[in-house]
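Here's a quick tour of one model, taken feature by feature. Have the sequence and the coordinates open as you read.

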Amino acid sequence: MCGIAGIIHNTKLNYQSNIELMNKAQTHRGPDDNGLKQFNNAVLGHTRLSIIDIVNGHQPMTNANGNACITFNGEIYGFLEV
């Protein structure tokens with residue numbers, strides 16, 4: 001099972017180091033990859049246990065123009081058809 005971390009705050013402080021520490025503490029939940037995404041007032045972190053799509057499953061994921069981001073633990077059934 002993957003590890004998910006996040007901080008939302010009403011100031012534009014840099015919480016990247018906090019999320020890095022959270023990701024490190026969750027390495028046992030997702031030893032295969034880790035990532036984070038910094039926004040104006042939020043940071044998302046993810047540690048990944050790779051089962052399917054080992055190469056392309058890096059998280060947090062953003063859309064093409066970068067205005068939406070998601071991090072999740074799960075599997076999308078029927079992803080080849082989607």
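## Sheet

Before getting to the strands, a word on terms: two strands count as paired if DSSP finds at least two bridges between them. This is a predicted model, and in it S2 and S3 pair in the antiparallel sense, with 6 bridges linking them. One of the matched positions is leucine 36, whose bridge partner in S3 is glycine 45.

Zooming out, the sheet is an open one made of 3 strands, in the order S1-S3-S2, and its pairing is antiparallel. At the edges sit strand S1 (3-8) and strand S2 (33-38), each of which pairs on one side only. From one strand to the next, the twist averages 10 degrees. As general background, strands of a sheet pair through backbone hydrogen bonds.

## Serine 50

Follow the chain on from strand S3 (42-48) and you reach the loop that leads to strand S4 (61-62); serine 50 lies in that loop. Is serine 50 buried or exposed? Its relative accessible area is 16%, and the cut-off for buried is under 20%, so serine 50 is buried.

The serine 50 side chain also has a partner: it makes a polar contact with the side chain of arginine 48, at 3.0 Å.

## Largest pocket

The largest pocket has a volume of about 520 Å³. Its lining takes in 19 residues, and the ones nearest the pocket centre are Ile52, Phe72, Gly74, Glu75 and Ile76.

What is the lining made of, in terms of nonpolar, polar and charged residues? The split is 10 nonpolar, 6 polar and 3 charged.

Definitions and conventions:
Residues numbered from 1 in each chain as written. Predicted model: local features only at pLDDT ≥ 70, side-chain atom pairs only at ≥ 80, totals over all residues. Heavy atoms only, no water. 1 Å grid on protein atoms, 1.4 Å probe; cavity = no way out; pocket = protein on both sides within 12 Å on 5 of 7 lines; lining within 4 Å. Points joined across faces, edges and corners; volume = space filled by probe spheres on them. Nonpolar A, V, L, I, M, F, W, Y, C, P; charged D, E, K, R; others polar. Helix = DSSP H or I, 4+ residues; strand = E, 2+ residues; numbered from the N terminus. Buried < 20%, exposed > 50% of the residue type's maximum accessible area, 1.4 Å probe, protein only. Polar contact = N/O pair within 3.5 Å; in protein donor to acceptor, adjacent residues only side chain to side chain. Axes fitted to C-alpha atoms, helices over the stretch in contact; angles between N-to-C directions.
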